[in-house]
Amino acid sequence: ISVDLSSISGLEATGFKSVNRRNLEQFIQSKSKDLAFLPFKDHLSALQNGFVSVLDSREGEFSKLRLSSVDLRKLMLGDLAIPAEDFIKYSDTRQMFNTSNKEWLFEIIREMDESERILLFKFISGRRGVPFKGIKNLPNQLKFASILEEDATHLPAASTCSCLMKIPTYSTKSIMKDKLLMAIKSC
């Protein structure tokens, strides 16, 4: 099977005269890149030029900061460090009606290592990193809510657009921790 592309508008710049079984995957990859990149080409180019001009500025204040690659990464993508106490302090738990579950959640967050807190943050918010000046600067506050029925079979669920995690009511801290870790590590 071979498809002639010469008569299809918008595909002439792909470099493919026809698509067949041998070049189908290559054609799909090429066209996917074009569809993802081309509408934003001018914007991305302007962003790149602006960023480079700031970094290259010999007279500008930015060049005097002597930022490392890690610092630049934090500025652009956010920090990967999330202290447990910040996580707790800047989270809204008013919709957690089971007091034990709320206390267990805080204990579990304190017991998590850094990589687990990052996974929890990503699970709730959908973001790779924390904003430049910390979790308190999120556009939406992290929220935790109880699902009132006691249920040891279901995992916590998240709505990343609203930064909301819904947690079933668990009978023990151990069950809650196991389910929470399973959810964030399977995400």
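Reader: How many helices and strands are in the protein?
Author: This is a predicted model. Its secondary structure mixes both types of element. The count is eight helices and six strands.

Reader: Which pattern does the protein follow along the sequence?
Author: Read from the start, the pattern opens with β-β and closes with α. In full, the pattern is β-β-α-α-α-α-α-β-α-α-β-β-β-α.

Reader: How are helix 6 and helix 8 oriented to each other?
Author: Helix 6 covers residues 99-111, and helix 8 covers residues 173-186. Their axes lie 10 Å apart, at an angle of about 55 degrees. Angles of 65 to 115 degrees would count as roughly perpendicular, and those under 35 as roughly parallel. The two helices are therefore oblique.

Reader: Is the crossing of helix 6 and helix 8 left-handed or right-handed?
Author: The pair in question packs at about 55 degrees. Helix 6 passes helix 8 in a crossing that is right-handed.

Reader: Which residues in helix 8 does helix 6 meet?
Author: Helix 6 contributes Asn101, Trp104, Leu105, Glu107, Ile108 and Glu111. By class, this contact has five nonpolar, one polar and four charged residues. On the helix 8 side, the residues are Lys173, Met176, Lys177 and Leu180.

Reader: What share of the residues of the protein count as buried?
Author: The cut-off for buried is under 20% relative accessible area. The protein has 187 residues. The buried share is 30%.

Reader: What part of the exposed area do carbon and sulfur atoms supply?
Author: The protein exposes about 12400 Å². Of that area, carbon and sulfur atoms supply 56%.

Definitions and conventions. Residues numbered from 1 in each chain as written. Predicted model: local features only at pLDDT ≥ 70, side-chain atom pairs only at ≥ 80, totals over all residues. Heavy atoms only, no water. Axes fitted to C-alpha atoms, helices over the stretch in contact; angles between N-to-C directions. Helix = DSSP H or I, 4+ residues; strand = E, 2+ residues; numbered from the N terminus. Parallel < 35°, antiparallel > 145°, perpendicular 65-115°, else oblique. Left-handed = near helix turned anticlockwise from the far one by under 90°. Contact = heavy atoms within 4.5 Å. Nonpolar A, V, L, I, M, F, W, Y, C, P; charged D, E, K, R; others polar. Buried < 20%, exposed > 50% of the residue type's maximum accessible area, 1.4 Å probe, protein only. Areas by Shrake-Rupley, 256 points an atom, 1.4 Å probe, with all protein chains shown as cover.
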